[in-house]
Amino acid sequence: MKKVFYYMSFLFAFTQMQAQKDFQGMAVYESKTQAPKFEGMRGNRDITPEMQKSMEERMKKMLEKTFILNFDKSASIYKEEEKLESPGQQGGFRVMVSSMMGGGGTFYKDVKTKSYTVDKEFMGKEFLVVDSLPKLNWKLEQETKQIGGYNCYKATAVKEPSKTDFRNFRPKKIDDKTDEAKKTSGETKTNFSDNFELPKEVVVTAWYTPEIPVNQGPENYWGLPGLILEINDGSTTILCSKVVLNAKDKVDIKPSKKGKVVTQKDYDETVVKKMEEFRDMNGGRARSAAPVMMGR
């Protein structure tokens, strides 16, 4: 009888270990960023209300994306859902702009090694960014809410915004006195990108569920005792719309290997330098395009 008991105990333990080893899940996220309002911006007086509305609508569409997160106990891959391109869309330009608005490439996170790998395409060149996962000092709150039937808990953190993600930029408050001073001094040319500024820090609010006990989330967010189902940083909200656990078809969760290997700092410096060169080379003609491409 004892032998049978030990055998059953061993079989149960083995089954549990195997189940944990084979565990895999998939989460669908809808990402929306508040599009900037062009009304009243300096250097924007020649734009008609119709043009302004059209620009805002196009920006709104570009800032609405769907992502898929495939994850297991220790790693995940996060990628924008592939869609058919509209006729006339420029593939290379679309990829570059997408990468500066939270999309583009495959974002691989390994929470065991605390590292990430993401492939990016910029100015016709492919980069493979390999670096350590950002460490956020999460503050766990008592507030709860339900997302898709899962009980979620609130957590907050403060982070430094990235210079190469357009979603981080905020419209500047126009200083009428400064504007008037420029007119008086004869300085009438204004760079359109002067209408935007990068905040020193961003407050992030996350909602995670311990019911899915994995240390994962969208983009480069991680570090909470449960899957992150919602993230908000003031201008961008990423909300999970669907979760599938242990589907029959498994996904190969591995990092990309294409592109020149660089650190995040090296990549950011390359992007900022190239965009400054692009702006200076094109002068006034590129002033309205630069902020659209300049990156969070």
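**Warm-up**

Glu277 and Lys274 sit three residues apart, about one turn of the helix, and both belong to helix H5 (residues 264-282). Helices here are DSSP runs of H or I with at least four residues, strands are runs of E with at least two, and both are numbered from the N terminus. This is a predicted model, in which local features need pLDDT of at least 70 and side-chain atom pairs count only at pLDDT 80 or more, while totals for chains, interfaces and linings use all residues. Residues are numbered from 1 along each chain as its sequence is written, and side-chain values use heavy atoms, leaving out hydrogens and water.

**Exercise 1.** Find how the side chains of Glu277 and Lys274 meet, and classify the exposure of Glu277.

*Solution.*
- Step 1: Apply the salt-bridge rule, a side-chain nitrogen of Lys or Arg within 4 Å of a carboxyl oxygen of Asp or Glu.
- Step 2: The side chains of Glu277 and Lys274 form such a bridge, at 3.8 Å from N to O.
- Step 3: Buried means under 20% relative accessible area, exposed over 50%, and partly exposed in between (1.4 Å probe, protein chains only).
- Step 4: Glu277 has 39% relative accessibility, so this residue counts as partly exposed.
- Step 5: Lys274, at 34%, is therefore partly exposed as well.

**Exercise 2.** Stay in helix H5 and decide whether Asp268 is buried or exposed.

*Solution.*
- Step 1: Locate Asp268 in helix H5.
- Step 2: Its relative accessible area is 18%, so Asp268 is buried.
- Step 3: Leaving aside neighbours within four places in sequence, Asp268 is in contact (heavy atoms within 4.5 Å) with Ser162 and Thr164.

**Exercise 3.** Work out which strands the salt bridge between Lys154 and Glu143 links.

*Solution.*
- Step 1: The whole structure holds six salt bridges.
- Step 2: In the one between Lys154 and Glu143, the closest N and O atoms are 3.4 Å apart.
- Step 3: Lys154 lies in strand E8 (residues 150-159) and Glu143 in strand E7 (residues 139-147), 11 residues apart, so the pair links distant parts of the chain.
- Step 4: Another bridge joins Asp252 and Lys254, with closest N and O atoms 4.0 Å apart; both residues are exposed.

**Exercise 4.** Name the members of the largest nonpolar core that touch the most other members.

*Solution.*
- Step 1: Such a core is a set of buried Ala, Val, Leu, Ile, Met, Phe, Trp, Tyr and Cys residues joined through side-chain atoms within 4.5 Å.
- Step 2: Among its 42 residues, the answer is Tyr29, Phe71, Trp138, Leu227, Leu229 and Ile231.
- Step 3: Strand E11 (residues 202-209) supplies the largest share of this core, five residues.
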